[in-house]
Amino acid sequence: MTTDKKIFINEIKEGQVVDSVFLVSNKELRPRKTDGQYLRLILADKTGEIYCNMWDNFQKVFTTFQIDDYVRIKGSAKLYQQKLQLSLIELQKVDTSEVNIADFQKTSKRLPDDMWIELNEFISSIENKFLN
């Protein structure tokens with residue numbers, strides 16, 4: 001896993017190979033329909049969340065990371081029941097110092113100055129002198 005360009009969740013397309021860093025929102029071992037288990041994750045960034053499954057070799061990495069850790073994954077995007085998910089083949093924990101935190105903080109699509117003007121207009125419209 002070597003890519004440096006962040007791939008955001010809302011950019012992922014079916015069939016795409018994804019090699020990027022995400023935040024772990026949820027982590028659990030689940031039983032397979034046949035024998036054994038698999039690793040189920042929910043990964044996130046500022047654009048959303050995506051379900052991920054790691055079917056093989058997850059035992060080596062399962063204890064190396066926790067919920068709210070950053071992980072670099074490599075996997076392929078597939079549709080399952082009309083929802084996009086990732087099938088992972090590699091996963092490793094990433095130190096926070098190597099992460100651009102802004103890639104994981106949700107922000108408004110509106111400009112701060114526009115929101116400030118709207119707030120001030122709303123406050124000015126209040127007629128009760130005790131609230132103004």
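**Exercise 1. Is Q81 buried or exposed in this predicted model, and what is its relative accessible area?**

Step 1. Start with the place: Q81 sits in the loop between β4 and β5.

Step 2. Now look up the area. The relative accessible area of Q81 is 63%.

Step 3. Compare with the cut-off. Exposed means over 50%, so Q81 is exposed. Keep in mind as you go on that this is a predicted model.

**Exercise 2. Work out what is unusual about the phi angles of Q81 and N57.**

Step 1. Recall the background: most residues other than glycine have a negative phi.

Step 2. Check Q81. Its phi is near 50°, a positive value, and Q81 isn't a glycine. The hairpin that holds Q81 is made of β4 and β5, with two residues between the strands.

Step 3. Check N57. Here phi is positive too, at about 60°, and again the residue is not a glycine. You'll find N57 in the loop between β3 and β4.

Step 4. Add the accessibility. N57 has 46% relative accessibility, so it counts as partly exposed, while Q81 is exposed at 63%.

**Exercise 3. Trace how strand β4 pairs with β1 and with β5.**

Step 1. Find the strands: β1 covers residues 17–31 and β4 covers residues 70–80, while β5 covers residues 83–94.

Step 2. Take β1 and β4. These two run antiparallel and are joined by seven bridges. To see one of them, go to D19, whose bridge partner in β4 is K74.

Step 3. Take β4 and β5. They are antiparallel as well, and eleven bridges pair them. Look at Y80 here: its bridge partner in β5 is K83.

Step 4. Zoom in on a side chain in β4. R72 lies in this strand, and its side chain makes a polar contact of 3.4 Å with the side chain of D19. R72 has 15% relative accessibility, so it counts as buried.

**Exercise 4. Describe the surroundings of D45, beginning with its strand.**

Step 1. Place the residue: D45 is in strand β2, which spans residues 37–45.

Step 2. Ask how covered D45 is. Buried means under 20%, and D45 is at just 2% relative accessibility, so it counts as buried.

Step 3. List the neighbours. Leaving aside residues up to four places away in sequence, D45 touches K6, I7, F8, I9, F22, D103, F104 and K106.

Step 4. Pick out the polar partners. A polar atom of the D45 side chain lies 2.8 Å from the backbone nitrogen of I9. The D45 side chain also makes a polar contact, at 3.4 Å, with the side chain of K6.

Step 5. Think about charge. Side chains of opposite charge can pair when their charged atoms come close. D45 and K6 do form a salt bridge, with 3.4 Å from N to O. This pair links distant parts of the chain, since K6 is in the segment before β1 and D45 is in strand β2, 39 residues apart.

Step 6. Check the partner too. K6 has 13% relative accessibility, so K6 counts as buried.

**Exercise 5. How many salt bridges are there, and what do two others look like?**

Step 1. Get the count: there are six salt bridges.

Step 2. Look at R30 and E28. Their side chains meet in a salt bridge of 3.2 Å, N to O. R30 is at 30% relative accessibility, so it counts as partly exposed; E28, at 27%, is partly exposed too.

Step 3. Look at D56 and R32. They meet in a salt bridge of 3.5 Å, N to O. The two are 24 residues apart and link distant parts of the chain: D56 is in the loop between β3 and β4, and R32 is in the loop between β1 and β2. R32 is partly exposed, with a relative accessible area of 26%.

**Exercise 6. Which residues make the nonpolar surface patch of about 430 Å²?**

Step 1. Name the members: W116, L119, F122 and I123 make the patch.

Step 2. Choose L119 and locate it. L119 lies in helix α1, residues 112–125.

Step 3. Check its accessibility. L119 is at 40%, so it counts as partly exposed. Patch residues need over 30% relative accessible area, and 40% for L119 fits that.

How values were computed: Residues are numbered from 1 along each chain as its sequence is written. This is a predicted model: local features need pLDDT of at least 70, side-chain atom pairs count only at pLDDT 80 or more; totals for chains, interfaces and linings use all residues. Side-chain values use heavy atoms; hydrogens and water are left out. Two strands pair if DSSP finds at least two bridges between them. Helices (H or I, at least four residues) and strands (E, at least two) are DSSP runs, numbered from the N terminus. Patches are made of residues with over 30% relative accessible area and no salt bridge: like charges are joined within 9 Å, nonpolar side chains (Val, Leu, Ile, Met, Phe, Trp, Tyr) within 5 Å. Accessible areas come from the Shrake-Rupley method with a 1.4 Å probe; for residues, only the protein chains shown count as cover. A salt bridge is a side-chain nitrogen of Lys or Arg within 4 Å of a carboxyl oxygen of Asp or Glu. Buried means under 20% relative accessible area, exposed over 50%, partly exposed in between (1.4 Å probe, protein chains only). A polar contact is a pair of N or O atoms within 3.5 Å; within protein, one must be able to donate a hydrogen and the other to accept it, and residues adjacent in sequence count only if both atoms are side-chain atoms. Contact means heavy atoms within 4.5 Å.
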